[in-house]
Amino acid sequence: MEMVERELQARASALYSLESLRNALLKASLDPTATERLEAIEFGNLQSRIREELQVLSKLKSRFARDTLNIGVVGLMGQGKSTLLKSLSCLTDREIPAYEGAACTAVRSLVTNREGSVEVKVAFHSEQTFLEEVIHPYYRALNLEPLPHSIDEFEHAALPDQMPTRATDEAVYKHLKHDYHQNLSHYRHLLSFGAEPQERSIPIDEVPTYVRQERNAHGDLESFKHLAVREVKIFCPFGNTDVGKVALVDIPGLGDSKLGDETVMLETLGKTVDVVIFLTRPDPQRYQWRKIDTDLYDTAAQALNNLSGRAFMVINHSRRTNNLKACKALKETLKMKVVSCQIADCANPEDANQVFDEVLNYLADNILNIDEEYARQCQDRLTAIQSNINEIVQAAQKVFWCIDGDPVRAIADTFEDLFGTDRDGWWKEITIAFQKLRLEFAKQAKQPADGLQDGIDDVYATCKEEAGILSVADPEAEIQEQIKASNPMKAYGDYRDQLRTLLSDHFSALDEGLQATTEALKEDVADVLTTVGGLDALTRSTGGSDFIRELRVMIERDHPNLQRLQLGLAIVDDFELSYNGLIEPQIYQHLIRLSNIQLEGDEDADVTLKVGPGTTAELIYTALQVDYNRTAARIKAALEELVYQPNIAAYARIEKFIDNIIYHKDAQKDWKKFLRRVQTKIWPEEMGRLEQENTRQQNWLTCVSRLEGANRKDTIVFLNWQEF
């Protein structure tokens, strides 16, 4: 049974997934045939049927797991249930209180026949079961909010002072407020922490304090421990020693407006009871079957299958009230279907055991057949569920049959068409685009680099405008002050150093022109890859070097086996024109002439001014002008010989890049692998639709397969009929 419970739950889960997916697919744009087939699948009420069978299995499992046959005693309050139980079990008012007046037994009791001394165990509510099984039903019935989720919340809850207007609701409200809420401090200490109830053995003399509800003349409770009790178990030897492993289940009386009684009764009958004795004690003056009696029978039928084959009616003959005539009248007019109806004095052990013997004999002769039939009916229903699910599986497997062909093959064929060859498709377009780009760079290699040429002209103009000491208001006066502070030779040398540093700073700006050339190359490559290749969907960048770098990182991270593409992108991404390597040597071979160091072999170099002690500021100023202008002009001339180099370097880099990603023998293969992996992003309209369709079909078939696997017939059988 436990295995079948798990398998049923697996079926319910798989059915839910399939039905949810079916509903989602019906909202999508599918082939009309597929839509029609999806709509034709009838899930019906399978989920509710499975839930019902899970409840049945839970009841069966609890009943079959017991080592006793249990006889339930059901009746409205004050009908003599406790009296009957005492007569059968030989217990007294100490263990099962029974007094005249209102209901006195407040909790469910299980009285089990067992040799030896009497033993009593009390199961106390945990805080969780107390709230869920006792308090929450009151809140829901009275529409009170919010539900308390802890005992502290219940204790501090502000219950309204105004009583409900209806009499029934008023009685229910009184139980909640005056019994449970106001008296919480009297019984809270008995509630166990956590989720599970706790069981304790108690002395026999204390039993009444846990099961009896005592009220004063005003109807107020005077005993409180029973409010925390979930169940009482009593083990004792019955008067009839031949009854064997039998237990009597005392279910609290109904009709006193105490919520939870019906829930307790249904749970008890479904899991704890094999047969039930309905007990009624008619009034000697006003006797007839009432609606409340038939309602009680109907309520019991909800929980106990085949109630007519499990129910006995006992009409309690009270000699004190002399109601025998009323008992006979009720027996003659009984309409409820029961195994038998007897009139018996429940206070008389002989009468009670006569009823008991009839019930036991009936159990001995029929209980196996009754339970076998119940189990067989359950098994038949489970088999029917298995068959109905199999019909769903068969219908679901055909939803996408022969619709638009095989989506996997369609995806492969469409990709091949889109990627193309040397004659058509993506590959042809990207190849032609890079061939055009290579031609453009080949032409540019024969032209000076505009960025560098413009940069040289700009820097040379800056050198003229910002000449340091040469461009101040009165340079000779400054030079004269420097001569006074030191001497003409030192003044001349110091100013040459200043001019050399100034020229170096000015010409360092040419690095920006070189960077413009490298960025232009990366932008051109990125433009082809995005506009012609459609790869812009793969990164967040807007283009240029950022795009090249992000694409390179993505391929290196996610596609490490595509080495040819990685190398090609690295060639472009790493392309830099170095100022230090290209420009700076040309500058410093002339700047060095402004230094005060004379290299070996330079003895015959031009000397603008030979400074002596009498050299004037005017001469030094003139010499500095010559030095500065001549050096700037020489640097400009030297750099103009390099203006072709950036374009030549860019052309060489483009050639190397295209050789790797177009003409290499592995290039097309790597591109095809890569684009196949990202095809839905590159061709969202063409490939996205096919991929979506394939994903839908695969998800559907996976759900169908899961349901089919969960619906094996051998997992739904819980009884071996031959052994049974």
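Trainee: In this predicted model, which residues form one aromatic cluster together with Phe415 and Phe419?

Mentor: The cluster is made up of Phe415, Phe419, Trp426, Trp427, Trp671, Phe674 and Trp683. Two of its members, Phe415 and Phe419, both lie in helix H14, which spans residues 407-419, and they stand 4 residues apart, about one turn of the helix. Phe415 is buried, and Phe419 is buried as well.

Trainee: How many aromatic pairs does the count come to, and what makes Phe415 and Phe419 one of the pairs?

Mentor: The count comes to 16 aromatic pairs. For Phe415 and Phe419 the ring centres are 6.0 Å apart and the planes meet at 25°; because rings pair if their centres lie within 6.5 Å, and planes under 30 degrees apart count as stacked, this is a stacked pair.

Trainee: Why is the pair of Tyr180 and Tyr187 called edge-to-face?

Mentor: The angle between the planes of Tyr180 and Tyr187 is 85°, and planes over 60 degrees apart count as edge-to-face, so the pair takes that name. The centre-to-centre value is 6.5 Å, which meets the requirement that the centres lie within 6.5 Å. Both Tyr180 and Tyr187 are buried.

Trainee: How do you know that a charge sits over the ring of Tyr460?

Mentor: The charged end of Lys636 is 5.5 Å from the centre of that ring, set against a limit of within 6 Å for NZ of Lys or CZ of Arg, with a further condition of within 35 degrees of the ring normal. Arg200 provides another case, lying over the face of Phe124 at 4.4 Å from the ring centre.

Trainee: Is Arg496 buried or exposed, and why?

Mentor: Arg496, which is found in helix H18 (residues 488-507), has a relative accessibility of 11%, and because buried means under 20%, Arg496 counts as buried.

Trainee: What makes the approach of the Arg496 side chain to the side chain of Asp627 a polar contact?

Mentor: The two side chains come to 2.7 Å, and since a polar contact is a pair of N or O atoms within 3.5 Å, one able to donate a hydrogen and the other to accept it, the term applies to Arg496 and Asp627.

Trainee: Why does Phe400 count as buried or exposed, and which residues does Phe400 touch?

Mentor: Although Phe400 is found in the loop between helix H13 (349-397) and H14, its relative accessibility is 9%, which is under 20%, so Phe400 counts as buried. Leaving aside residues up to four places away in sequence, Phe400 touches Leu25, Ala34, Arg37, Glu693, Gln697 and Trp700.

How values were computed
Residues numbered from 1 in each chain as written. Predicted model: local features only at pLDDT ≥ 70, side-chain atom pairs only at ≥ 80, totals over all residues. Heavy atoms only, no water. Buried < 20%, exposed > 50% of the residue type's maximum accessible area, 1.4 Å probe, protein only. Contact = heavy atoms within 4.5 Å.
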